[in-house]
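Welcome! Let's take a walk through this structure together, starting with a single residue and ending with the open spaces.

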Amino acid sequence: MTSTTAQPGTPYGTLPPASPLPQRRPISLPRLAQMRAAGEKITMLTAYDATFAAVADAAGVETILVGDSLGMVCQGLPSTVGVSLDTMAYHTESVARGVRRVQGTAWIVADLPFGSYHESREQALRSATRLMQAGAHMVKLEGGGWTAPTVQFLVERGIPVCAHLGLTPQTVHALGGYRVQGKGDAAAAELRRHALQLQDAGAAMLVLEMVPAALSAQLTQELVHCHTIGIGAGQGTAGQVLVLHDMLGMNLGKMPRFVHNFMQDAGSVKGAMAAYVQAVKNGSFPDDAVHAW
């Protein structure tokens, strides 16, 4: 008589299984470049813990952003300014563990929080090293002009960098609120100049937030070595990103114009994420007439 032993479980749920490994290609900088060259849109979502990161990976999201937006959606802060480097490292570690536990292949990008790279290039290196050691594959910083030398300094030392132009939440007070950026010839010219400088400095990705769709599309064509990721920047970018809580319809305030609630018709979190991936890939999201300026 043979006996069977039940597999041990956990009292608080189990992370979802990964997709079959032969069907998955690890995301890397060369892989992202291949997608861009083939005209395939890059998908990015924020995640702040192991479980949501694992679900996002299983749903086909290529890049996971551990965003300092966690200050607002997780910590209840009024802006991202109060997020610390310790907090970012903690959440980056959590996301990286979740992806590893399901043998995931997502590319993990972590935000350098406010004040962690402004003092000097050396400070930026120390902060970026902390996040890379926590499990990030790339770090993201905001702003143009003064940031280009910092980007070059990091890239030369083997740290992939994602830049961020347009509405930069860490400097929202200086911008006068959450407003569209790059409107008008002068503002558009400055944004373009900063974007080209960041590409020349070695930035491999560039988030464009609340930038007019026509300008974003033009920049995407010009930035052949830097993949644009739009949020409220129209359909013409190389990829799209949304804050996880927004796309699940869990925003505690007013839903931004550029957001679509993918949860309302999906029936599950994984289903909502998969619907988001499909909509970005087939070009149905974003709709410039609805989600852009």
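A residue is called buried when its relative accessible area is under 20%. Keep that cut-off in mind as you look at this model, which is predicted.

Start at Thr 46, which belongs to strand E1, spanning residues 42–46. Its relative accessibility is 3%, so Thr 46 counts as buried. What does the side chain of Thr 46 reach at 2.8 Å? The partner is the backbone nitrogen of Leu 244. A polar contact also links the side chain of Thr 46 to the side chain of Tyr 48, at 3.0 Å. Leaving aside residues up to four places away in sequence, Thr 46 touches Leu 65, Ser 69, Leu 242, Val 243 and Leu 244.

Two of these names, Ser 69 and Val 243, return when we turn to the largest pocket: together with Met 72, Glu 209 and Asp 246, they lie nearest its centre. The largest pocket has a volume of about 660 Å³, and 31 residues line it. Helix H3 (70–73), strand E6 (205–209), strand E8 (239–242) and helix H10 (244–247) each give two or more residues to this lining. By class, the lining holds 16 nonpolar, 9 polar and 6 charged residues.

Now move on to the second largest pocket, with about 360 Å³ of space. Its lining has 18 residues, and Leu 165, Gly 166, Thr 168, Leu 175 and His 194 lie nearest the centre. Strand E5 (161–166), helix H7 (172–175) and helix H8 (185–201) each supply at least two lining residues. The largest share, 4 residues, comes from H8. Here the lining divides into 7 nonpolar, 9 polar and 2 charged residues.

Notes:
Residues are numbered from 1 along each chain as its sequence is written. This is a predicted model: local features need pLDDT of at least 70, side-chain atom pairs count only at pLDDT 80 or more; totals for chains, interfaces and linings use all residues. Side-chain values use heavy atoms; hydrogens and water are left out. Buried means under 20% relative accessible area, exposed over 50%, partly exposed in between (1.4 Å probe, protein chains only). A polar contact is a pair of N or O atoms within 3.5 Å; within protein, one must be able to donate a hydrogen and the other to accept it, and residues adjacent in sequence count only if both atoms are side-chain atoms. Contact means heavy atoms within 4.5 Å. On a 1 Å grid over the protein atoms alone, a cavity is a set of points where a 1.4 Å probe fits but cannot get out, and a pocket is an open set with protein on both sides within 12 Å along at least five of seven lines; lining residues have an atom within 4 Å of a point. Grid points are joined across faces, edges and corners, and a volume is the space filled by probe spheres set on the points. Ala, Val, Leu, Ile, Met, Phe, Trp, Tyr, Cys and Pro count as nonpolar, Asp, Glu, Lys and Arg as charged, and the others, Gly among them, as polar.
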